[in-house]
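Let's take a walk through this structure together, one element at a time. Keep the 3D view open as you read, and follow along.

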Amino acid sequence: LEAESYARQRELGATIERQRSELARFLSPQIAQLISSPEGEALLAGHRREITVAFCDLRGFTSFAEQADPEELLSVLGEYHNMIGAAVTEHGGTLEHFAGDGVMIFFNDPIAQADHVERAVRMAVAMRERFAPMAAAWAKRGYELGFGAGIATGYATLGRIGYDGRFDYAAIGNVTILASRLSSQAEANEILLSPRSHAIVEGSVEVDGIRELALKGISRPVAAANVASILPDHPIG
């Protein structure tokens, strides 16, 4: 009986791991782990936490989508998404959603990360570096595409949203709006930091100027810093 019970427990454990692996194909690994953990229900119900949010998308994508064949469009998006997904995973980000060429990632939830701002900046810089050869290859095929990102840090409410039968795990708050607006203002190869994000990594990054931006839905101009590089003698994280 003990052997039979042990075998059932092993089979159950293997089934749970398979389910987590399958969930991770459709959700961020952190969310898949959260759903299948005992403490997950409390976090899914809603909580408030400081996070760092990164939005990124492609400059020139609308024009490209209007001209490209559907197969070419899907090929370019697939290559881009694979690069984005690998960078998100490497830096421990939580991918909230893909929306065409637009991507939202946040840090410090559901897994706490003391260096969440640094992780977001490192990730965005890695994406920009990896995007360059891809853009060069696309340019040879006549497609001019550029990478841009916005990063902001602040408090948000996180948890399960949706309706019975279809839920998402989302971050809601002004920080997500700010990151999105910064991303929309970023030019090709720019990574724009909110003042709070910039203050945290100021000694570790070189910025290419700070400019005041009037952003939709935000009452005051925002002093956005463009990340030129991570200083070699002051690696962040």
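A good place to begin is a single pair of residues: D57 stands opposite G148 in β4. Bear in mind as we go that the model is predicted. Right beside that pair in the numbering, C56 has A149 of β4 as its bridge partner. Both pairs belong to the pairing of β1 with β4, in which 13 bridges join two strands that run antiparallel.

Now stay with β1 and look at its pairing with β3. These two strands also pair in the antiparallel sense, over 5 bridges. One place to find this pairing is F55, which stands opposite M104 in β3. How many residues of β1 are buried? The count is 10 of 13, so β1 is largely enclosed by the rest of the structure.

Let's return to β4, since A149 has a second partner to show you. In β6, that partner is I191. The strand β6 covers residues 191-193, and β4 pairs with it over 3 bridges, in the parallel sense. A149 therefore has bridge partners in two strands: C56 on one hand and I191 on the other.

Next come the helices, starting with α5. This helix runs through residues 70-90, and its 21 residues reach 30 Å from the first C-alpha to the last, close to the 30 Å expected. Which residues of α5 are buried? They are L73, V76, L77, Y80, M83, I84, A87 and V88. These buried residues cover an arc of only 135° around the axis, which puts them on the same side of α5. Turn the helix around and you will find E71, L74, N82 and T89 exposed on the other side.

What do the buried residues of α5 pack against? Their partners include the strands we have just visited, β1 (47-59), β3 (102-107) and β4 (146-163), together with β2 (94-99) and the helices α4 (61-67) and α6 (116-140). Just after α5, look for G92, which takes a positive phi of about 75°.

That brings us to α6, one of the elements that α5 packs against. Its 25 residues should span 36 Å at 1.5 Å a residue, and the end C-alpha atoms are 37 Å apart, which agrees. Along the way, α6 bends by about 30° at F131, and a proline, P133, follows within four residues. After α6 comes G142, another glycine to look at, with a positive phi near 90°.

Definitions and conventions:
Residues numbered from 1 in each chain as written. Predicted model: local features only at pLDDT ≥ 70, side-chain atom pairs only at ≥ 80, totals over all residues. Heavy atoms only, no water. Expected span 1.5 Å × (residues − 1). Buried < 20%, exposed > 50% of the residue type's maximum accessible area, 1.4 Å probe, protein only. Arc of directions from axis to C-beta. Contact = heavy atoms within 4.5 Å. Pairing = 2+ DSSP bridges. Bend = angle between axes of the 7 residues up to and from the residue.
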